[in-house]
Every structure is written in C-alpha cells, then in structure tokens.
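Please look through the sequence and the three-dimensional model below before reading on. The report that comes after them is meant to be read with the structure in view.

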Amino acid sequence: MARSEVCELCGSSEDVALIELPVSDGSEEQSLYVCANCKGQIESGELDETHFNCLNDAMWSETPAAKIMAYILWNKLGRQDMVEMMYLEEDELNLAQQAIDAEANKLVYKDANGVELQAGDSIVILKDLEVKGAGFTAKRGTTVTRIALAPNDPTHVEGRVNGTKIFIKTEFIKKA
C-alpha cells in the first residue's frame with residue numbers, strides 16, 4: 001500500500017518529513033511521516049497531550065510504525081487506559097517496548113546548574129580540586145575542552161587538565 005506524505009499521527013500535510021522509530025533497523029516499515037509539530041515534540045520530549053489526542057486515530061493505523069509510535073507516545077503521556085486499548089502484533093509490541101526501555105535507561109549527564117552535558121562539550125571547573133595521585137590542584141576557572149562522559153556514571157565526566165586525564169564530579173563543573 002502506498003503511503004502519502006501526510007503526518008501519520010495527526011493528519012497534517014504541512015512540513016512533513018520521514019523519521020525512523022527510536023529503535024529501528026532502518027527498514028521502511030520502521031519509519032513514518034510526521035509533521036514539524038509532532039516531530040518537534042517527539043524530539044524534545046515535551047509532549048502536548050491536547051495535540052496528541054490525534055493518537056486516538058493513529059493507534060488503529062494499518063502502518064506498523066504509526067501504531068508503534070502511538071504506543072510509545074501514549075506511554076510517555078502516562079495514558080495507560082489508551083495503551084491497554086491498543087492491539088499490536090508481537091514483533092510490534094517488542095519493538096515499542098525496546099524503545100520505551102531504551103528511553104528509561106538513557107543516562108543524562110548534568111552540570112552543577114542542571115544543564116545537560118554532551119561528549120565533546122567544554123566545561124569550567126567551579127572550585128579548586130586536588131587531583132589525587134597526580135600531585136597538582138585543578139584550579140577554579142580552568143576550562144576543560146572536549147570532555148568525555150564517564151561510562152555508566154552520570155555524576156562524572158572525563159577531561160584533561162595540565163595534560164593529565166582526570167575524572168571530575170559534575171557537581172563541581174558548569175558547561176562553558
């Protein structure tokens with residue numbers, strides 16, 4: 001069946017783009033057309049429940065990706081009543097659950113001000129920090145460029161100060 005370029009969630013035909021599901025192998029069955037409004041809300045995670053009342057129709061779509069996205073969004077909106085009403089094939093349900101689990105397990109690294117940090121960011125040290133085993137103090141105001149995120153620990157980042165690789169607690173840094 002040919003798919004038209006209208007938002008498969010809300011039906012809008014303005015500014016429609018093809019996106020992949022959060023967990024996808026890249027096949028066309030795992031992509032869907034969404035408008036700029038839906039896409040922006042999905043990407044930011046700030047969902048307007050009033051707008052997504054359109055999922056009442058999308059959840060019955062013949063397009064698996066639209067049903068899976070409706071399931072994911074209903075879960076994010078906390079609408080268990082709608083989730084329980086849906087019917088998904090076993091493979092569709094597995095894919096939707098993988099996306100929900102991946103989102104729940106995503107580590108978020110934040111500086112002392114609550115600003116989200118990404119690998120490659122530059123940070124500023126907020127207080128003098130004695131570097132154990134290296135024999136120097138990382139001074140307040142020092143800028144550390146191209147940080148790395150500590151694996152499995154959102155309270156630490158990795159960077160080089162005075163040529164030495166160190167781990168720094170996120171409570172003592174701010175994004176530059």
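The text below goes from the whole chain to its pockets and then to some single residues.

## The chain as a whole

The structure shown here is a predicted model, and the values in this report were computed from it. Its chain is built with five helices and 10 strands. For a compact globule of 176 residues one would expect a radius of gyration near 16 Å, whereas the chain has 22 Å. The C-alpha trace, followed along its principal axes, spans about 65 × 35 × 30 Å.

Of the 176 residues in the chain, 38% count as buried. The accessible surface of the chain amounts to about 10,300 Å², and carbon and sulfur atoms hold 44% of that surface. If one takes the contacts between residues at least 6 apart in sequence, 52% of them join residues at least 24 apart.

## The two pockets

Which residues lie closest to the centre of the largest pocket? This pocket has a volume of about 360 Å³, and of the 17 residues that line it, the closest to its centre are Pro 22, Ile 42, Glu 43, Lys 76 and Glu 103. The elements that give two or more residues to this lining are strand β1 (17–20) and the helices α1 (36–44), α3 (64–76) and α5 (90–104). Sorted by class, the lining of the largest pocket holds nine nonpolar, two polar and six charged residues.

The second largest pocket encloses about 190 Å³ of space. Its lining is formed by Leu 129, Glu 130, Val 131, Lys 132, His 156, Ile 166, Phe 167, Ile 168, Lys 169 and Phe 172. Two strands, β4 (129–131) and β9 (164–169), are the elements that give two or more residues to this lining, and the largest share, four residues, comes from β9. By class, the lining of the second largest pocket divides into six nonpolar residues, one polar residue and three charged residues.

## Two residues with positive phi

Two residues that are not glycines can be examined for their backbone angle. Asp 15 has a phi near 55°, which is a positive value in a residue other than glycine, and Asp 15 is found in the segment before β1. With a relative accessible area of 63%, Asp 15 is over the 50% cut-off and therefore counts as exposed.

Asn 162 likewise is not a glycine, and its phi is positive at about 55°. The place of Asn 162 is the loop between β8 (156–161) and β9. Asn 162 counts as exposed because its relative accessibility is 60%, and the cut-off for that class is over 50%.

## Single residues and their surroundings

Is Lys 67 buried or exposed? This lysine, which lies in helix α3, counts as buried because its relative accessibility is 12%, and the class of buried residues covers values under 20%. Apart from neighbours within four places in sequence, Lys 67 is in contact with Ala 58, Met 59, Ser 61, Met 86, Tyr 87, Leu 88 and Glu 92.

Lys 174 is located in strand β10 (residues 173–175), and at 35% relative accessibility Lys 174 counts as partly exposed. When neighbours within four places in sequence are left aside, Lys 174 is in contact with Asp 111, Asn 113, Ser 122, Ile 123, Val 124 and Leu 126.

Gln 97 belongs to helix α5, and with 31% relative accessibility Gln 97 counts as partly exposed. Gly 78 is found in the loop between α3 and α4 (80–85), and its relative accessible area of 57% makes Gly 78 an exposed residue.

Three of these residues can also be paired with another residue, so as to set separation along the chain beside separation in space. The table lists each pair with its C-alpha to C-alpha distance.

| Residue pair | Separation along the chain | C-alpha to C-alpha distance |
|---|---|---|
| Gln 97 and Leu 129 | 32 residues | 43 Å |
| Lys 174 and Ala 112 | 62 residues | 5.8 Å |
| Gly 78 and Glu 49 | 29 residues | 9.8 Å |

In the first row, Gln 97 and Leu 129 are 32 residues apart along the chain and their C-alpha atoms are separated by 43 Å. In the second row, the C-alpha atoms of Lys 174 and Ala 112 are separated by 5.8 Å, although their positions lie 62 residues apart in the numbering.

Notes:
Residues are numbered from 1 along each chain as its sequence is written. This is a predicted model: local features need pLDDT of at least 70, side-chain atom pairs count only at pLDDT 80 or more; totals for chains, interfaces and linings use all residues. Side-chain values use heavy atoms; hydrogens and water are left out. On a 1 Å grid over the protein atoms alone, a cavity is a set of points where a 1.4 Å probe fits but cannot get out, and a pocket is an open set with protein on both sides within 12 Å along at least five of seven lines; lining residues have an atom within 4 Å of a point. Grid points are joined across faces, edges and corners, and a volume is the space filled by probe spheres set on the points. Ala, Val, Leu, Ile, Met, Phe, Trp, Tyr, Cys and Pro count as nonpolar, Asp, Glu, Lys and Arg as charged, and the others, Gly among them, as polar. The radius of gyration is taken over C-alpha atoms; the globule rule is 2.2 Å times the number of residues to the power 0.38. Buried means under 20% relative accessible area, exposed over 50%, partly exposed in between (1.4 Å probe, protein chains only). Contact means heavy atoms within 4.5 Å. Accessible areas come from the Shrake-Rupley method with a 1.4 Å probe; for residues, only the protein chains shown count as cover.
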